[in-house]
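This report describes selected features of the structure shown below. It considers the sheets, the helices that pack on or beside them, and the surface that faces the DNA.

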Amino acid sequence: MLNKNQLEAVNLVNGRILVLAGAGSGKTKVITHRIAHLIKNAKVDPKSILGLTFTNKAANEMKERLNSLIGSKAAKDVVLSTFHSFCLMILRKEAEHLGYSKNFSIYDNKDMQRLLSQVLKDDHHDEKKTPASSTILEKISEIKNKNLNLEEYAFDDIESKNLYQEIYPKLAASLKTYNAMDLDSILTLTDDLFNKSPQILKKYQEIYKYILIDEYQDTNNIQYQIAEKLSQKSNNLFVVGDDDQSIYGFRGSCIKHILEFKADHTVKLEQNYRSTSIILHAANALIKNNKSRYEKSLFSQNLSDEKIVLFHTPNEEEEAKAVIERAIALKTKNNLKWSDIAILYRSNSLSRNVEMALLNAVWKKDDSYVRSIPYDIYGGLDFASRSEIKDLLAYLRLISNSKDQEALLRIINVPRRGISDKTIEALNNYSKKDQTTIWNILQKIYQNDENLINELNLQPKVLHSINSFMEVIEKAKFKFSNEKLSQAFEWLIHSINYKKAIEEDVKSEKARQIKWENAMDCLNAITAYEESESEPSLRDFIANSLLFKDNINKKRSSNDDRIQLMTFHSSKGLEFEACFLIGLEDHIIPHEKMLTSIEEERRLLYVGITRAKKYLTLSMSRSRRRTASPKASNPSRFLFEIPKELLKIISWKDLC
DNA sequence: CGTCAGCGGGTTTTT
DNA sequence: CCCGCTGACG
């Protein structure tokens with residue numbers, strides 16, 4: 001059950017409580033048990049408990065654990081979500097106070113890039129002189145997440161400062177006209193709302209009297225502000241974290257918040273219940289090399305003589321194959337399920353070879369040999385970024401929020417209906433001149449505004465195209481608000497002749513099939529969403545597809561037994577009997593672009609290592625394709641920080 | 001108006 | 001390798 005320290009943390013009901021919890025020391029257990037304690041013993045209303053996490057996986061994990069602890073009936077009123085979805089919920093309710101309407105769209109990076117290049121173009125910036133749009137957006141994101149204003153930010157030079165001072169308000173203004181927010185604004189606007197309106201803040205302070213935050217070391221300044229403001233009145237803030245697992249510095253997270261947390265009580269959890277002592281020793285030895293950290297002594301009583309296996313292969317294909325061979329052997333020998341096994345890597349691109357190897361692997365199932373090992377993959381080329389799905393989602397966005405100009409521009413000629421770039425350009429210019437949106441112009445055209453049609457010099461063919469486009473959207477709006485989502489969506493796919501468009505467009509049978517499957521995946525996702533929600537709505541489905549990327553993929557086969565593939569980042573908070581950490585090479589981890597924050601890279605590997613309960617395998621390849629051609633790779637410098645006596649170095653050939 | 005080949009450029013992590 | 005963009009051509 002709970003140990004002494006865990007129990008102490010669980011039983012503290014009021015005040016500001018800091019739990020410093022090492023990897024595998026039962027963080028989630030403490031949070032869920034504390035929620036159970038609040039409800040059952042302290043008679044706290046479940047609706048007033050708010051549990052915040054940073055990833056959806058962590059939120060789901062917590063929900064499941066709480067369900068099994070106190071039953072889903074009592075658990076369902078507790079709000080357990082990520083910062084982003086929690087803030088989104090507030091913003092949907094309070095949008096009007098910020099000059100938005102409730103059906104606002106959410107823009108991903110791609111949308112923001114398009115929007116930015118439009119802004120730059122309108123301002124006649126020479127694209128060659130300005131930095132890449134991704135650089136600009138990254139910087140803006142950093143400024144937002146660190147909760148700075150432009151004056152406070154240390155720009156490299158006066159020119160770039162001027163550039164940002166010009167662009168920043170324009171981006172914000174465009175977003176507002178399009179009734180859209182980027183992901184960072186979901187947080188910053190919530191904070192703005194609280195600053196602007198004490199009454200609204202008070203309302204939420206009175207709803208959420210008990211706030212718990214998991215992985216507190218990952219809070220960035222804006223999240224910190226929100227948490228502090230919400231808990232100001234009740235003064236009940238329970239935060240759990242581990243400075244050694246802070247891995248979101250690139251998103252503005254700052255260990256300072258956990259190190260300087262003003263706590264009424266501090267509880268330390270130092271016993272690791274997850275990993276064997278060998279694995280834990282390796283992790284401790286590694287992380288000891290970090291200078292900025294709390295000294296702590298994690299220990300484990302899980303004794304085992306299973307050493308950490310390490311091998312290298314001549315190339316990445318062999319690495320992936322060897323990993324899979326060992327996974328099969330481990331499974332057979334120790335009677336594991338596939339889902340007990342995880343393959344972890346620094347960056348998503350490393351999953352490719354592994355996926356190929358999984359596809360081609362042969363293994364023994366019920367006395368016969370089968371090909372292919374089932375797997376789940378998180379992140380990477382996710383649901384919402386496949387182009388057909390982006391198209392269909394853009395339709396849904398426009399239907400839900402007709403001001404969403406990025407969505408409109410994406411699909412106005414998809415499938416092709418003869419509205420050329422020239423026409424779009426003309427519409428765009430007119431919209432600027434007239435201080436209106438393209439959507440408004442289209443509506444006037446649709447209502448047969450002859451002056452406008454003449455002024456724009458629209459040919460009958462184009463006019464017809466525009467009208468039929470508008471007709472589909474208008475009809476769809478009606479359908480989506482009066483019928484089941486899945487039904488309306490099927491109608492939409494049919495009405496825009498999506499299948500025919502694919503058939504005419506795509507030559508190869510295979511590509512055609514994939515595209516159609518993607519469209520059907522989208523339909524499946526809508527159906528699954530509709531069945532899982534008590535009050536399904538189009539706008540929430542769209543937001544979810546962005547905010548809960550992995551859920552949508554997962555729902556198709558949640559109870560299957562599959563190997564888990566994910567990045568070190570997304571593995572945080574999870575645990576597996578067997579873990580494979582692959583690609584442990586010196587340009588991958590530490591990543592060559594991250595040499596300035598080497599300690600965070602080390603923490604990242606630390607997170608990976610501490611996911612394993614019993615079996616840990618480390619691998620690397622002596623060569624790796626970078627850009628196009630393969631280059632020699634060196635072992636990660638971190639590998640030398642693990643004491644040799646904990647390792648069993650084997651030859652990859654023994655695995656095949 | 002739409003297509004497609006050719007070219008150049010970029011490749012970290014997440015909501 | 002995979003993308004997005006461009007410009008020439010049908």
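Which residue of strand 3 stands opposite Leu50? The structure is a predicted model, and in this model the residue opposite Leu50 is Val79 of strand 3. Strand 2 (residues 49-53) and strand 3 run parallel and are joined by four bridges. Helix 3 (residues 56-70) packs on the sheet here, where it touches strand 2 and strand 3, and its direction makes about 160° with that of strand 3.

**The two sheets**

Strand 2 and strand 3 belong to an open sheet of six strands with parallel pairing. Its edges are formed by strand 3 (79-82) and strand 8 (265-269), each of which pairs on one side only. Helix 1 (residues 4-11) lies across strand 1 (16-21) and strand 8, and runs at about 145° to strand 8.

A further open sheet consists of seven strands, again with parallel pairing. Strand 15 (375-377) and strand 21 (647-649) stand at its edges with a single partner strand each, so one side of each has no neighbour in the sheet. Within this sheet, strand 12 (residues 341-345) runs parallel to strand 17 (residues 576-581), and four bridges join them. In this pair, Ile343 stands opposite Phe580 of strand 17.

| Open sheet | Strand order | Average twist from one strand to the next |
|---|---|---|
| Six strands | 3-2-6-7-1-8 | 15° |
| Seven strands | 15-16-12-17-18-11-21 | 20° |

**Packing of helix 5 on helix 9**

Two packed helices are described by the angle between their axes and the distance between the axes. For helix 5 (residues 83-94) and helix 9 (residues 183-196), the angle is about 60° and the axes are 9 Å apart. Angles from 65 to 115 degrees count as roughly perpendicular and those under 35 as roughly parallel; the two helices are therefore oblique to each other. Helix 5 passes helix 9 in a left-handed crossing. Helix 5 contributes Phe83, His84, Cys87, Leu88, Ile90, Leu91 and Glu94 to the contact, while helix 9 contributes Leu183, Ile186, Leu187, Leu189, Thr190 and Leu193. By class, this contact comprises 10 nonpolar, two polar and one charged residues.

**The surface near DNA strand B**

His84, part of the contact with helix 9, is also among the closest residues to DNA strand B, together with Ser347, Asn348, Ser420 and Thr627. In total, 31 residues surround this strand. They divide into six nonpolar, 19 polar and six charged. Helix 5, helix 18 (421-433) and helix 27 (568-571) each supply at least two residues of this surface.

Notes
Residues numbered from 1 in each chain as written. Chains lettered and ligands numbered in written order. Predicted model: local features only at pLDDT ≥ 70, side-chain atom pairs only at ≥ 80, totals over all residues. Axes fitted to C-alpha atoms, helices over the stretch in contact; angles between N-to-C directions. Parallel < 35°, antiparallel > 145°, perpendicular 65-115°, else oblique. Left-handed = near helix turned anticlockwise from the far one by under 90°. Contact = placed C-beta atoms within 7 Å. Nonpolar A, V, L, I, M, F, W, Y, C, P; charged D, E, K, R; others polar. Near = placed C-beta within 6 Å. Pairing = 2+ DSSP bridges.
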